[in-house]
Amino acid sequence: MKAMILFGHGARDSRWREPFSRLAQLWQAQHPNTPVELAFLEMMQPSLQEAVSTLSAKGATQITVVPVFFGQGGHLRNDFPALLEACQKQYPNITLSATPAVGEDLTVLQAVVDFGARAL
């Protein structure tokens, strides 16, 4: 079974999680047969390992991690690959893959431009 993890940075303010929760709800509404979990790098739960564990318990065999970051900064270049590798070692029967940061995608950038244009 395929599954998705939406991976964010995390923050001390619990309200920061709200758009991520809405994003997961949108995903689940549009893709009800593909489970989705949130995961955070720091300051919030669940961790990436916890999200992989949850999806593994649900029967996931292929998990795609989508970093919901605007760009490929130090966290995604350094911390994230190590976390992903540790998860892969812990769950060798699951195929883990990751996309680039969502902000690297032209469609996402265009959505920001469109949002700004609507604000004028």
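Contact here means heavy atoms within 4.5 Å. With that in hand, welcome to Val 52, which, leaving aside its neighbours within four places in sequence, is in contact with Ile 5, Ile 63, Cys 87, Tyr 91, Ile 94 and Leu 96. This is a predicted model, in which local features need pLDDT of at least 70 and side-chain atom pairs count only at pLDDT 80 or more, while totals for chains, interfaces and linings use all residues. Residues are numbered from 1 along each chain as its sequence is written, and side-chain values use heavy atoms, with hydrogens and water left out.

**Nonpolar cores**

- The largest nonpolar core (buried Ala, Val, Leu, Ile, Met, Phe, Trp, Tyr and Cys residues joined through side-chain atoms within 4.5 Å) has 21 residues; buried means under 20% relative accessible area (1.4 Å probe, protein chains only).
- Those with the most contacts inside this core are Ile 5, Phe 7, Leu 48, Val 52, Ile 63 and Val 65.
- At least two residues of this core come from each of β1 (2–8), α2 (48–57), β3 (62–67) and α3 (74–90); helices (H or I, at least four residues) and strands (E, at least two) are DSSP runs, numbered from the N terminus.
- Another core, of nine residues, lies apart from it and includes Phe 20, Leu 38, Met 44 and Val 66.

**Helix α2**

- Leu 48, Ala 51, Val 52 and Leu 55 are buried in α2.
- Seen down the axis of α2, these buried residues fall within an arc of 100° (taken from the directions from the helix axis to the C-beta atoms), so they line one face of the helix.
- They pack against β1, β2 (36–40), β3, α3 and β4 (95–98).
- Gly 59, with a positive phi near 100°, follows α2.

Conventions
Buried means under 20% relative accessible area, exposed over 50%, partly exposed in between (1.4 Å probe, protein chains only).
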